[in-house]
Structure formats: C-alpha cells, structure tokens
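The following exercises concern burial, contacts and cysteine pairs. Please study the sequence and the structure before reading each solution.

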Amino acid sequence: MKVFCGRANPTTGSVEWLEEDEHYDYHQEIARSSYADMLHDKDRNIKYYQGIRAAVSRVKDRGQKALVLDIGTGTGLLSMMAVTAGADFCYAIEVFKPMADAAVKIVEKNGFSDKIKIINKHSTEVTMGPDGDMPCRANILITELFDTELIGEGALPSYEHAHRHLVQENCEAVPHRATVYAQLVESRRMWSWNKLFPIPVHTSCGEQVIVPPLELERCPGAPSVYDIQLNQVSSSDFTVLSDVLPMFSVDFSKQVSSSAACHSRQFEPLASGRAQVVLSWWDIEMDPEGKIKCSMAPFWAHSDPEELQWRDHWMQCVYFLPQEEPVVQGSSIYLVAHHDDYCVWYSLQRTSPEKDRRVYPPRPVCDCQAHLLWNRPRFGEINDQDRTDQYIQALRTVLKPDSVCLCVSDGSLLSLLAHHLGAEQVFTVESSAASHRLMKKIFKANHLEDKINIIEKRPELLTSADLEGKKISLLLGEPFFTTSLLPWHNLYFWYVRTAMDQHLGPGAVVMPQTASLHTVVVEFRDLWRIRSPCGDCEGFDVHIMDDMIKRALDFRESKEAEPHPLWEYPCRCLSEPQQILTFDFRQPVPPHLIHAEGSIELRRPGRSHGAVLWMEYHLTPDSTVSTGLLKSAEDKGDCCWNPHCKQAVYFFTTADPRAPLGSPQTVSYTVDFHPHTGDITMDFSLSDTLDDGQ
C-alpha cells in the first residue's frame, strides 16, 4: 500500500507530498541503524559473553534454573549467548517490530527457538503470569539499553520497572554496574561550541568589535549532551584541570531509581584556569567483582590505550558548564553531577552541596534563542576568526558606498560585517521567530537595531515594500540554513536568488558567485564498520540481519549519501579531489537537468570504502570557502576536514571493505542535479583497472 508523506524540501524550501511505501519509515530506521556497528564491537561482545557465562554459573551454583530476561535484545545475540552458557530459558524483549521479526528468524536459524521467546513489546508492557508474556519472574537480567550518555535511551525507567515487575529481588544482572566518570577542562576550542565570542572587524574607520548579547553570555546553554569521538580532539586543544573523577554508579542487580539526583566530588584543581567544560564517559562492569570491564574512556584515561576499541554507538560526552568559572590550583572545589531520568548535567560549587543545602541548578535550558538556532558546530563556525576574515576580505572587493545589501542565511553575522564595512543600507531575512529574536538581540547589543533592517519572512516571499521600494545591489549568503542536512541542501540560496530576481537591481552582485560539488574516494580507518555486513558474530549466524539492512538500503538509501562530521572519523584519500558539478548563482536556477559523469583514478593503494562529497563556495574569483577538504592530502593521503561541517559519505557496496588489497581500481560515477526537486542523485561503481595489453 502507498501513503502520501509530507516533507519540507530543504533545498527548494517548498513543502512536498510524496507517495511512499507504507514501510518507508521502517526502511529508513533500519538503514540508518547502528546494529552492525554494535555487532562489530568485539570488546563489547566478548565482555558481555564473559559476564553472561559468569552470571549463569552463579545461578546454577545455587541450584536454581537460570531464567533470563533480555531487554532490548536486537538480533537476539545476548539471549543466544545466555542459552549457550547454560540458561534454561530466555525472554527476549524487542520493541522495534522489524528487528523483533528478524530476531525470531535469527534465533530459529541458530537452533534456539525452544529456549528463547521473542516478545515484541516495550518492557513496561510485558505481562506476568500463566497467561502472560512471562509465567514467572526472571533471575538474570541482561540489558543493552545504553547510549553515549548512559541513561539517554531511558535505561533508568526501564530498569526501575523491570525490578518492580519482571525480575526477582537481588537478581543477577549483566552488566552488574555502571560508573560515570568526569574530568574538568579548560578549552577555548570546545567553549567556542557553546558561546559567541567577540568578533573583531577591521574597517577603514578602525577596529569594530561584534559583541555577544549579555543574555547569550548568561544563558546556561542547550539541554542536550554533545557526544563526539573525543579521541579525535587533540590534547593541545584543552588543559586538564582535574583528575578523572568517578561521579556516580548504578547497581543494576538492585532496585534502580529514575528519580532526579545529584552526586558531588570534592577535588583540588591540578592547575589554575577557567573551568568551562566537563568531559565524561562511563564503564560497565559485567560481574560483581569488577573483573570484566568494558570502558568508554578516551585514550589518555584508558587502562590499555593500545587495545582501545573503536565505537560509534558509544562515544564520549562533552558538557558545558552554565558559565565559565575561575579555579585555583590546590584550592578545593566541588564538581556536581545532576541527572533526571534521561539527562545528565554538571555544575561547580565552592562549598559542600550537603552543607550548602541550596537549591540545585535545574537542567539547563536555553533562554537566549542562540542554542535553539545554532548547533555546536555552527557556534564553532561563527567563532572561527579565519573564516570571518575570509568573508570580510571578499566583502571588501564587492561592497560600494551606495550598496544596498540583503543577507539571506539563518542567524548569520554577514549583515553586521556588511554594515561595518560601509554598506549604505543592509537588510537581513530571518524566516524563523527564533532567528528573528536572536538577531534583534545581537543588533541591540551592538547598537545597530536602527541600522540593519530585519525582515521576518521566508525570503522567497519578499515584496518590494519589505525592501522599502529599493533594489538590491548585493545579495549575500554564507550560505547556511538550519534545515540543511547534506552539503548541497544549502543550494536553497540559489532558489531564493531565483525567486528574488525581480528585486535585484541592474548589475547586482551575488556573493557567493558560484558553488561547486567535489568528491574524493577514501579509505576509512574505522567508519566502514557501520555499513559492513557482520555475517557471524561470536559464533552466531546473523546473516539475516545483514540481509534485512541490505534490503532497507536497496529500498532507496543505497543510492543516497549520508552526513558525517569527518574530522571525527579519520580516513585517507585514495584519489585526488575532483570537481563534478558547478552552480552559477549569478544566474537563476536553470530549468534543465545538470548532469555529470566520469571516472576517478585511484592514486594510492587501499580499500575503497566510499566517496566523500562536499560543497565549495566561491565568494569571489579569488576567495573560496570549502565545507570539505581544507588542504591537499599529504603523501600518505591523510585528510584534513572542515571541523564545522558535515560532509556527505556515499558508501560503496560492491566489495567487502575488509577484503585484501587488490589491483588498482577506478571509480565511475554519474551525478545529476534535478532543478525541479533540488535533489542530487548519484551512483558510484568500482572497477578494476587493467594494464595496457591485458
């Protein structure tokens, strides 16, 4: 059956109604899942298996039957481990129906159907009793309910309910315990992901400084954690102010509470500085003795950094303190971890929280609008002074004393730059209420509320009256729009420019003038694992899951690229970067298809995991801003990616990414830009390159 789905097109700005298969959302969820990544996590699998064997043995040693409850079973892997370890029966709960259906087939294929019952429900809906889903309570609780923050997927409420209704008192639990760790640091780079810094602008009248509003400086920030691959942050980017502090633990074998709580640790700062950021991670102990441990610690805090397991389903956390605070080496202070049932946040206190008895700070919620409009990479992008200077230099070449400028980007500071550099009049379009309120605050803080006109309207709906009857002589864009996920979604700027053709004066300048789409073939150090088939996992056949993901990808996603911040995911260029499409913003969007096809020769040996695509914006003939590669690859091909942008990755599916290196290859491609829909469709294929005469 087909259904109509409405979606906002991020490139054209229009709302479209598309006819989709009724299972389209399921296919999307499966295709973009991390099931493969988890099953490739060898350390996780081994530690779980060891912990399960130990728990089953302890129950058996007491002369009891081993009855297992496995919450969030996924493929059924942990339940199959339990039965293999000697469990008498497993009740495996999986709420996502496609995964539950796959688990039934996987369990059957591996010969465990008589010992494992898959229950397609949320654990809080499972019934108990002779006619229920489970006839009696289990005495072994196995779960994998954790995210990077540990509790963000609702682990605490699920455990709380399970202990009250589904498992015996003091049951065995795998994992047995989790501990959350924190380390206080000073980091200008990470702090730039959370606050707007003063921005100097050198003008003919001297230096001007764009200052942040006081509301933004006082704002506690966004309520969500920033989860990243902390191992890719250089140690030179932060100064350690504390030892690694164990903040709190959760014992999963006993009754768990999801109520809000706080936990404090007194410490003496290792150095004087500005406390800004808390780095955090957790480990899980699979047994009561703590001998079987699985750690998410970054390399500098890991007990065995040489054996560090790469993961994408569990990373590390960056938390921002509500305000930066000075700390003095040797002067005791308290770091406080707060949590509710789903979130963790941190604060610093000068006195003991127990003695202070003050009201603890609530979960941080943005009240300045900036953290609602700008995500963390966007903050970093705006605070990048080198990038700002590049726009300033480009603006100087196109601005005239009588320029009437219109800025079209979400929450951009280009309008302030244009004003300070001498434009006669500046308009800026803010299509959302949040961006409108934020820009008003920024203009007011800089005494420009009467100098820059804000128009709260979708830019393609502008009228001559909105522009006070004036013609635009300079149309500006970074371009950046909050609705953009893939690099080419910011081509929305081109559609806006086309819709506004009537408002452009004779000889009007558009900046950027043009844009281009680029690609390079890469070998990933680790990211290939999220799309690689698992086959057998710890001796269990999970091909059915591989086939399910492949079918979901074949539904549409195998012909699509997906966004990834590649500064977090090291890779090597196997080819030279290649420009494949160009877009001329000086002209309206053409009515015809823009097509490109060709081949890419691989220059370096390696495994071709995929093609990375990004946009470059040519502000002027002499100035280009790249959202992808920032410089040419070195001899070994190591890539340096723009840290503020997500690049698009098209994963190849024609070869096993772990296969031995073979003969040189070429990559053929076809790429089409569809002006009517704003979509870019692509296809890449690998082929062996034969020597002449063969």
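A residue is called buried under 20% relative accessible area, exposed over 50%, and partly exposed in between (1.4 Å probe, protein chains only). The model is predicted, so local features need pLDDT of at least 70, side-chain atom pairs count only at pLDDT 80 or more, and totals for chains, interfaces and linings use all residues. Residues are numbered from 1 along each chain as its sequence is written, and side-chain values use heavy atoms, with hydrogens and water left out.

**Exercise 1.** Determine whether S403 is buried or exposed, and describe its surroundings.

*Solution.*
- Step 1: S403 lies in the loop between α12 (385-398) and β20 (404-408). Helices (H or I, at least four residues) and strands (E, at least two) are DSSP runs, numbered from the N terminus.
- Step 2: The relative accessible area of S403 is 4%, so S403 is buried.
- Step 3: Leaving aside residues up to four places away in sequence, S403 touches V398, A423, E424, Q425 and S473; contact means heavy atoms within 4.5 Å.

**Exercise 2.** Classify S352 by its relative accessibility.

*Solution.*
- Step 1: The loop between β19 (344-349) and α9 (353-356) contains S352.
- Step 2: S352 counts as buried because its relative accessibility is 11%.

**Exercise 3.** How many disulfides does the whole structure hold?

*Solution.*
- Step 1: A disulfide is a pair of cysteine sulfur atoms within 2.5 Å.
- Step 2: The closest cysteine sulfur to that of C171 belongs to C136 and is 13 Å away, which is too far for a bond.
- Step 3: A search of the whole structure gives zero disulfides.
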